[in-house]
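Please work through the exercises below with the sequence and the structure open beside you. Each one sets a task and then gives a solution in steps.

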Amino acid sequence: MPHDHDDHHHDNELDPMAARVRALETILTEKGLIDPQAIDVIVDTYETKVGPRNGAKVVAKAWSDPEYADWLKRDATAAIESLSYTGRQGEHMQAVFNTPDTHNLVVCTLCSCYPWSVLGLPPVWYKSPPYRSKAVIDPRGVLVEFDLFLPDTTRIRVWDSTAELRYLVVPMRPEGSEGLSEEQLARLVTRDSMIGTGLALAPEAA
Amino acid sequence: MSLRELITHSRGLPASGDGPVFAEPWQAEAFAMAVALHDRGLFTWEEWAATLSGKLKHPGALDDASDYYSCWLEALESLIASKNVADSHDIDQLAAAWQRAAHATPHGQPIRLENDPDRS
């Protein structure tokens with residue numbers, strides 16, 4: 001990633017944070033603890049290669065293939081790894097399935113643990129203190145902020161992620177999606193629907 | 001910024017729906033360094049999450065999470081210090097050297113630590 005500072009017209013300036021990061025990189029490289037090229041690869045991976053499209057493929061496969069859905073329910077870590085989406089932090093995955101009776105919502109009250117391998121890095125709101133604190137206390141109120149209004153009869157279950165265990169919500173398959181291919185189904189699966197702050201799109205909206 | 005404003009903002013981002021992952025290059029580098037050091041076994045991810053959580057809980061944490069990667073960097077520095085790799089004094093000194101080097105580098109040229117005029 002380039003270090004552009006085009007807003008300064010005369011001398012180059014490094015802002016304090018950028019300078020501290022450079023200092024850390026220098027020290028860690030000199031001590032042989034990191035390799036600058038490996039750092040670039042990690043950045044590129046998370047900026048361009050890993051994202052919610054991975055999770056959408058997992059969900060679409062679960063919708064289309066009952067055996068896969070069953071495997072995902074029993075051992076999400078292995079079922080997800082079978083699609084080559086592997087967590088780097090050795091975390092376990094659990095898939096939680098939405099039903100008409102139960103809607104699942106994922107948060108990390110501790111920091112921002114998130115299923116990177118299937119969703120990429122979290123959106124800003126996921127990391128924000130209001131979401132992290134309110135999701136547990138008032139999940140229904142949080143969903144209203146997302147314009148998601150669930151029937152009173154639907155129970156909301158909140159899953160608090162940890163460093164060891166991350167959750168993937170499997171949204172309900174939308175009505176009218178019968179006969180769609182896995183690829184078409186995957187397009188209905190939004191990032192928010194896999195966190196539980198949204199639903200899968202209706203086929204006509206995708 | 002309220003939660004709703006944050007959500008609206010994230011929806012207004014490019015059509016990929018994912019939005020830019022990092023606001024500034026240093027955030028990406030700080031992120032990647034933590035991942036790389038964990039890969040190398042300098043700390044466990046549990047240690048990382050506990051340290052980051054401690055930094056995120058600071059009084060005055062911003063509701064819009066714009067201080068998230070500052071906390072991330074603090075957590076990284078703190079773990080690096082506790083593993084006796086480098087303390088904050090080392091980092092302060094070298095960060096100042098990088099800033100002097102940047103200042104001494106003509107615009108348009110890559111900044112190199114060797115450009116620090118005070119370099120001994």
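## Exercise 1: An aspartate and its partner

In this predicted model, Asp147(A) is partly exposed, with a relative accessible area of 44%. Find the salt bridge that Asp147(A) forms, and place both partners in their chains.

Solution. Begin with the side chain of Asp147(A), which forms a salt bridge with Arg4(B), the closest N and O atoms being 3.2 Å apart. Next, place the two residues: the pair crosses between chains, from helix α1 of chain B, where Arg4(B) lies, to the loop between α9 and β3 (155-160) of chain A, where Asp147(A) lies. Finally, look at the accessibility of the arginine, where Arg4(B) has a relative accessible area of 32% and is therefore partly exposed.

## Exercise 2: Another salt bridge of the arginine

Determine which chains are joined by the salt bridge between Glu145(A) and Arg4(B).

Solution. Glu145(A) forms a salt bridge with Arg4(B), and here the closest N and O atoms are 3.9 Å apart. Because Glu145(A) lies in helix α9 of chain A while Arg4(B) lies in helix α1 (residues 3-11) of chain B, the pair joins two chains.

## Exercise 3: Buried or partly exposed

Classify Arg20(A) and Asp92(B) by accessibility, and describe the salt bridge in which they meet.

Solution. The side chains of Arg20(A) and Asp92(B) meet in a salt bridge with an N to O distance of 2.8 Å. This pair also crosses between chains, from helix α1 of chain A, which holds Arg20(A), to helix α5 (residues 88-104) of chain B, which holds Asp92(B). Since buried means under 20% relative accessible area, Arg20(A) counts as buried at 18%, whereas Asp92(B), with 37%, is partly exposed. To complete the picture, include Glu77(B), which is linked with Arg20(A) and Asp92(B) in a network of salt bridges.

## Exercise 4: The interface as a whole

Describe the interface of chain A and chain B by its contacts, its buried area and the helices that supply it.

Solution. Start with the contacts, in which 62 residues of chain A touch 64 residues of chain B. The size of an interface is often given as the accessible area lost when the parts come together. Here chain A and chain B bury about 5,700 Å² between them, with 65% of it on carbon and sulfur atoms. Of the area that chain A buries against chain B, 12% is supplied by Asn12(A), Arg20(A) and Leu24(A), more than by any other three residues.

Then turn to the polar side: there are 4 salt bridges between chain A and chain B, and 12 residue pairs are in polar contact across the interface. Several helices of chain A each supply at least two residues of the side that touches chain B, among them α1 (16-30), α2 (36-49) and α8 (129-137). The most comes from α1(A), with 13 residues.

## Exercise 5: Domains and a strand

Locate the domains of each chain, and describe strand β4 of chain A and its pairing with β1.

Solution. Chain A is divided into domain 1 (16-48) and domain 2 (51-205), and their C-alpha centres lie 31 Å apart. For chain B the assignment gives domain 1 (25-86) and domain 2 (87-120), with C-alpha centres 23 Å apart. Within chain A, strand β4 (residues 165-170) is mostly covered, as 5 of its 6 residues are buried. Strand β1 (residues 92-97) of chain A runs parallel to β4(A) and is joined to it by 6 bridges, and Met93(A) stands opposite Arg166(A) in β4(A).

Conventions: Residues are numbered from 1 along each chain as its sequence is written. Chains are lettered from A and ligands numbered from 1 in the order in which they are written. This is a predicted model: local features need pLDDT of at least 70, side-chain atom pairs count only at pLDDT 80 or more; totals for chains, interfaces and linings use all residues. Side-chain values use heavy atoms; hydrogens and water are left out. Domain bounds come from an automatic or database domain assignment. Buried means under 20% relative accessible area, exposed over 50%, partly exposed in between (1.4 Å probe, protein chains only). Helices (H or I, at least four residues) and strands (E, at least two) are DSSP runs, numbered from the N terminus. Two strands pair if DSSP finds at least two bridges between them. Contact means heavy atoms within 4.5 Å. Buried area is the accessible area (1.4 Å probe) that two parts lose on being put together, summed over both. A polar contact is a pair of N or O atoms within 3.5 Å; within protein, one must be able to donate a hydrogen and the other to accept it, and residues adjacent in sequence count only if both atoms are side-chain atoms.
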